[in-house]
Amino acid sequence: MRLLETEHLTREFGGVIAVNDVDFHVEKGLVTGLIGPNGAGKTTLFNQITGMDKPTSGKVIFDGNDITGLPAWKISRMGIARTFQNIRLYKELTVVENVMMGLHFKVGKDPFHHRFSQAIKSYFFAARENREVYHKAMEWLEFSELAEHAQDFAGSLPYGKQRELEIARALAAEPKLLFLDEPAAGMNPSETSHLMRVVDKIRNLGVTVVLIEHDMKLVMNICDNITVLNFGMKIAEGTPNEIKHNKDVIEAYLGRDEEEDS
Amino acid sequence: MDTLTLYMQYIVNGLTLGAIYSLIALGYTMVYGILKFINFAHGDILMVGAFVGLLVYTALTGEAADPGVWTIIAFFIAMLISMGFSALLGVLIERVAYKPLRNANRLAPLLSAIGVSFILSNGAAWIFGTQSRRFPYPFANDPIRIGAIAITPHQIVIIAVSVIMMILLTFFVNKTRMGKAMRAASLDQATSMLMGINVNRVISLTFAIGSALAAVGGILASFDFRVYPSMGTMTGLKAFVAAVIGGIGNIQGAMLGGVLLGILEAVGAPLLHIPNSMRDTVAFAVLIIVLLVKPDGILGKNEREKV
């Protein structure tokens with residue numbers, strides 16, 4: 001079953017076509033890889049889907065609903081979470097507070113739709129509510145193996161852990177679909193293998209994952225499906241094995257010299 | 001009157017003045033906290049608030065009503081209506097003059113704000129004329145004496161209303177979900193959007209609250225300063241100074257900065273034998289000292305070094 005589909009999605013910046021007529025689809029419950037050389041339009045595609053930017057033309061269908069051009073906060077409440085290439089944490093808050101932020105405004109909970117009586121209630125039970133949210137956040141930190149850093153400032157964590165914290169925070173909102181934009185960028189090999197374990201655990205939770213990644217070993221090991229972009233266009237899709245042996249991909253993306261590496 | 005009681009009296013006067021500065025400073029600081037932008041039209045919103053308050057009040061009581069129960073009720077009705085009107089005006093200004101410029105360079109919204117400021121003050125001069133009007137006293141004006149110190153009922157109202165407003169705001173920001181959304185947006189807008197927070201609505205709300213508080217400040221200020229189209233300029237500027245002294249972007253800082261500035265102004269001028277016509281220099285001298293000694297303001301956070 002398809003959880004997400006884009007139809008003829010196009011995004012132009014002035015004369016540059018960053019995403020060109022892309023039909024991208026994501027199967028529910030699987031890990032889909034999105035690869036391509038720098039400037040292929042991968043992050044732009046992510047931005048169109050998650051509402052950070054509006055497409056020039058084309059459609060985005062999520063879980064049967066047309067979500068094209070909706071604002072990011074709405075899309076996030078419908079159950080799409082994401083992380084960023086350049087980490088976006090609340091650096092001045094602690095690790096556990098960051099995850100609590102993910103929980104406070106989680107899917108379907110609109111802070112502006114609370115009635116007065118609920119506001120009163122939420123005042124008197126604020127302490128309890130906070131405690132619940134705190135415990136929930138700690139559970140997600142356990143899941144991501146970050147619990148020991150719960151009280152550290154997010155900005156003080158090593159780079160790899162900051163990335164995993166961003167993932168934990170995204171997961172706390174219990175999304176149906178999770179986008180990871182270069183999760184392994186800047187990670188050392190042991191951090192990368194830890195990340196692979198975490199992504200595997202996420203898949204086992206039943207959360208559908210899409211990831212942009214340059215680390216081919218990680219992509220080939222972890223993804224069920226792979227889509228390849230080049231110059232804004234989709235040039236191939238298939239299983240890791242099919243992609244590995246796809247001539248277009250090898251020529252356009254991997255290059256002849258790197259053939260053995262892949 | 002001996003010197004000590006004289007200065008006690010100055011402190012009481014300063015506290016009243018400071019409470020008004022605090023209310024207005026909150027609007028500057030909340031908007032800065034979220035948008036990193038100084039809303040220079042904020043001072044003129046307090047003027048509009050004062051005019052609306054005055055108009056509603058005189059419509060309810062007639063020109064020269066003697067203070068009584070009805071004038072007190074009418075005063076609070078006028079204040080609430082003025083708050084609502086100013087809140088809407090603040091939201092409207094943000095939508096029309098600032099929101100389209102949110103991604104422009106930082107100077108653009110600033111210039112837009114100065115433009116809005118001129119439109120409001122000139123618009124008021126056009127509609128109401130330039131002469132100043134007195135806000136009739138809704139409360140009996142016999143001072144209450146505590147020892148040798150005299151406090152007028154108006155001063156008590158100013159302080160009481162300000163304290164209540166600040167308590168309500170603190171409760172709102174710290175205890176409610178909307179307040180939490182507001183604090184989150186001030187830390188990082190883009191990330192907050194991904195957490196499912198409607199940042200545009202948070203920004204509108206910030207302008208609404210800031211403008212409503214400015215309206216209260218404007219009405220309270222008009223007991224002493226009268227109501228006229230350019231009344232927002234100096235009061236607004238000093239409230240901005242108060243926000244900077246307290247640490248701009250910090251809500252407690254704005255409250256503290258306002259009270260501190262009010263007291264320094266009321267005590268400092270007589271202490272340093274500064275003539276009344278030069279009183280405003282005190283505020284700006286304090287600003288310069290604070291900027292030299294602690295540029296982040298008293299409660300401003302030292303930016304943690306980012307590695």
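**Notebook: domain contact, core and helices**

I began with the domain contact in chain A, where 14 residues of domain 1 of chain A are in contact with 11 residues of domain 2 of chain A. I note that the model is a predicted one. The domain assignment gives 1–79 + 175–262 as domain 1 and 92–172 as domain 2.

I then looked up what forms the side of domain 1 of chain A that touches domain 2 of chain A. Strand S8 (177–181) and helix H7 (189–204) of chain A each supply at least two residues to that side. H7(A) gives the largest share, five residues. By class, I recorded eight nonpolar, three polar and three charged residues on this side of domain 1 of chain A.

**Helix H6 of chain A**

I turned to helix H6 of chain A, residues 159–172. This helix has 14 residues, and the distance from its first C-alpha to its last is 20 Å, close to the 20 Å expected at 1.5 Å a residue. I found H6(A) mostly covered, with 12 of its 14 residues buried. Charged side chains do not escape this count: A:Lys161, A:Arg163, A:Glu164, A:Glu166 and A:Arg169 are among the buried residues of H6(A). The buried list also includes A:Leu165, A:Ile167, A:Ala170 and A:Leu171. After H6(A) comes A:Glu174, for which I noted a positive phi near 50°.

**Nonpolar core**

I next asked which residues have the most contacts inside the largest nonpolar core. They are A:Leu178 and B:Val216, in a core of 157 residues. Helix H8 of chain B (residues 199–225) contributes the largest share of this core, 15 residues. Domain 1 and domain 2 of chain A both give residues to the core, so I place it between them.

I listed the contacts of A:Leu178, leaving out residues up to four places away in sequence. A:Leu178 touches A:Ala81, A:Ala170, A:Leu171, A:Ile202, A:Val207 and A:Val209. Of these partners, A:Ala170 and A:Leu171 also appear among the buried residues of H6(A).

**Chain B overall**

For chain B I counted 11 helices and two strands. Along the sequence their pattern is α-α-α-α-β-β-α-α-α-α-α-α-α. The radius of gyration of chain B is 19 Å, close to the 19 Å that the globule rule gives for 307 residues, so chain B is as compact as a globular protein of that length. I noted that its C-alpha trace spans about 60 × 45 × 35 Å along the principal axes. Of the 307 residues of chain B, 47% count as buried. Among contacts in chain B between residues at least 6 apart in sequence, 76% join residues at least 24 apart.

**Helix H2 of chain B**

I checked the length of helix H2 of chain B, residues 42–61. At 1.5 Å a residue its 20 residues should span 28 Å, and the end C-alpha atoms are 29 Å apart, which agrees. I found 16 of the 20 residues of H2(B) buried, so this helix is largely enclosed by the rest of the structure. Just after H2(B), B:Gly62 takes a positive phi of about 85°.

**B:Ala185**

Last, I looked up B:Ala185, which lies in helix H6 of chain B (residues 177–187). Is B:Ala185 buried or exposed? B:Ala185 has 26 other C-beta atoms within 10 Å; the cut-off for a buried residue is 20 or more, so I entered B:Ala185 as buried. Leaving aside neighbours within four places in sequence, B:Ala185 is in contact with B:Ile34, B:Ser192, B:Ile197, B:Val199 and B:Val202. I also noted that the C-alpha atoms of B:Ala185 and B:Met195, 10 residues apart along the chain, are separated by 10.0 Å.

Key:
Residues are numbered from 1 along each chain as its sequence is written. Chains are lettered from A and ligands numbered from 1 in the order in which they are written. This is a predicted model: local features need pLDDT of at least 70, side-chain atom pairs count only at pLDDT 80 or more; totals for chains, interfaces and linings use all residues. Helices (H or I, at least four residues) and strands (E, at least two) are DSSP runs, numbered from the N terminus. The expected span of a helix is 1.5 Å times one less than its number of residues. A nonpolar core is a set of buried Ala, Val, Leu, Ile, Met, Phe, Trp, Tyr and Cys residues joined through C-beta atoms within 7 Å. Domain bounds come from an automatic or database domain assignment. Two residues are in contact if their C-beta atoms, placed from the backbone, lie within 7 Å. Ala, Val, Leu, Ile, Met, Phe, Trp, Tyr, Cys and Pro count as nonpolar, Asp, Glu, Lys and Arg as charged, and the others, Gly among them, as polar. The radius of gyration is taken over C-alpha atoms; the globule rule is 2.2 Å times the number of residues to the power 0.38.
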